[in-house]
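Hi everyone, thanks for coming. I'd like to walk you through one model today, so please have the viewer open and follow along.

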Amino acid sequence: LGTVKTLVSQSGSDYWQNTSNAAWTPSPCGVEFAHHGDDLAMGFRAAYTEVSFWVWVDEGGGYRPVTAAPVAYTSNIAPGSLSWLRLLFGSVAARKIRVYRFLADFGGLDIKPTHQIVPVAASEQTLFILGDSFIEGWKAAPEVGGMAIRLGLMLGMESYLAGQGGTGYIANGGGGSKPAFTDTARLAPIGDILPDYVLVFGSSNDDSQSGIQAAAESVYDDIATLSPTTRVIVVGPQCMGTPVPSARTTAKTAVQAAADAAPNVIGFINPLSDVEGLCWVTGTGTDAAPAADGSGDVFHAGGDGVNHPNAAGHAYFAQRIDAEMIGIIQSA
């Protein structure tokens, strides 16, 4: 059906080909096809009590979202249940349709006898994104609207998501249940996909850890071994407000030094400082407890006890990374 080769996760998988940690949620994924008609339904198996979808449609002028944000469904959803997502349009026409989904396995399409499904070409370039909970889409409400999905849309690249909360170059999720970026199982799919680009994101989880530079050098070197033609872009540790902790700045220095030394790394993006020397997110507030001293009031998700972006913050991070990635790729 011309499926875009994005990550397809069963319940119990939280990043590419991981089945060892069923307590964590799977990454979002997508399917794309062309349809001639006005009515169709996508079958899915619910992996949890809530599923979410974000439908995009191209009727000849480029993709646009059918809804401004992803739509979550909780009514009558039971883990393992089989359901349908029906898509109705105002007229019979040729459309390209892209459905991003979270906690919903793809179960085929049902169309009218007079309608047609046509394959579409995959994106010309591929992007593998390795990272932490920001890449998972945590607090994007729901995750299918997270920064990684948005970034792939902006860049027009076929994206493979390999984010796992609590991890970093050293951090292993607080006890080893979720391996660090250096884990061979997390990096192995790069050798199968042979992506044009790998984006390594973060991580604030590495605060106060030792050996960050050596670990980062190991990750970039392993990527070069797995896929010699892949170009790597590194995003340093993130921060959801100011002042920036000194441990975060130390971690950034270590990651940047490793990136600068790696032949396959073509650029480093620093969320702790923009062109004016400002952290991407400023101030001490959150959307739940505004402080009127910076952009954290708008982008920082409050209430979870951990520093994560809200839906607006995920969109903002995607925009910042998209702009810098395009500049890096053009320069390279």
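I'll go through the sheet, a few backbone details and a helix pair.

Before anything else, please keep in mind that this is a predicted model.

Let's begin with the sheet. Its five strands come in the order 9-8-10-11-12, and the sheet is open, with parallel pairing. Which strands are at the edges? They are strand 9, residues 158–163, and strand 12, residues 265–269, and each of these pairs on one side only. From one strand to the next, the twist averages 15 degrees.

Now let's go to the strand 12 side. Its partner there is strand 11, residues 231–235, and the two pair in the parallel sense over four bridges. If you'd like a spot to click on, try V234, which stands opposite F268 in strand 12. Then look for helix 6, residues 246–261, which lies across strand 11 and strand 12. What angle does helix 6 make with strand 12? It runs at about 160 degrees to that strand. Since the cut-off for roughly antiparallel is over 145 degrees, helix 6 and strand 12 count as roughly antiparallel.

On the way from strand 11 to helix 6 there is a loop, and P243 sits in it. Take a look at the peptide bond from T242 to P243: this bond is cis, with omega near 5 degrees. Another cis peptide bond joins G202 and S203, with omega at about 5 degrees. And where is S203? You'll find S203 in the loop between strand 10, residues 197–201, and helix 5, residues 212–226.

Staying with the backbone, I have a couple of phi values for you. L103 is not a glycine, yet its phi is positive, about 60 degrees. L103 belongs to the loop between strand 5, residues 82–102, and strand 6, residues 104–111. Is L103 buried or exposed? With a relative accessible area of 9%, L103 is buried. K139 also has a positive phi, near 75 degrees, and K139 is a residue other than glycine. Look for K139 in the loop between helix 1, residues 133–136, and helix 2, residues 147–155. K139 has a relative accessible area of 28%, so this residue counts as partly exposed.

While we have strand 5 in mind, let me show you S83, which lies in that strand. Its relative accessible area is 18%, and because the cut-off for buried is under 20%, S83 counts as buried. What does S83 touch? Leaving aside residues up to four places away in sequence, S83 touches M42, G43, F44 and I77.

Last stop: the helix pair. Helix 2 packs with helix 8, residues 311–331, at an angle of about 40 degrees, and their axes are 8 Å apart. The two helices are therefore oblique to each other. The crossing, as helix 2 passes helix 8, is right-handed. Which residues meet there? Helix 2 brings M147, R150, L151, M154 and L155, and among those they meet in helix 8 are H314, F317, I321, D322 and M325. Taken together, the residues of this contact divide into 10 nonpolar, two polar and two charged.

That's my tour. Thanks for listening, and I'm happy to go back to any of these places with you.

Methods
Residues are numbered from 1 along each chain as its sequence is written. This is a predicted model: local features need pLDDT of at least 70, side-chain atom pairs count only at pLDDT 80 or more; totals for chains, interfaces and linings use all residues. Side-chain values use heavy atoms; hydrogens and water are left out. Two strands pair if DSSP finds at least two bridges between them. Axes are lines fitted to C-alpha atoms, for helices over the stretch in contact, and angles run from 0 to 180 degrees between N-to-C directions. Contact means heavy atoms within 4.5 Å. Buried means under 20% relative accessible area, exposed over 50%, partly exposed in between (1.4 Å probe, protein chains only). Angles under 35 degrees count as roughly parallel, over 145 as roughly antiparallel, 65 to 115 as roughly perpendicular and the rest as oblique. A crossing is left-handed if the near helix is turned anticlockwise from the far one by less than a right angle, and right-handed if clockwise. Ala, Val, Leu, Ile, Met, Phe, Trp, Tyr, Cys and Pro count as nonpolar, Asp, Glu, Lys and Arg as charged, and the others, Gly among them, as polar.
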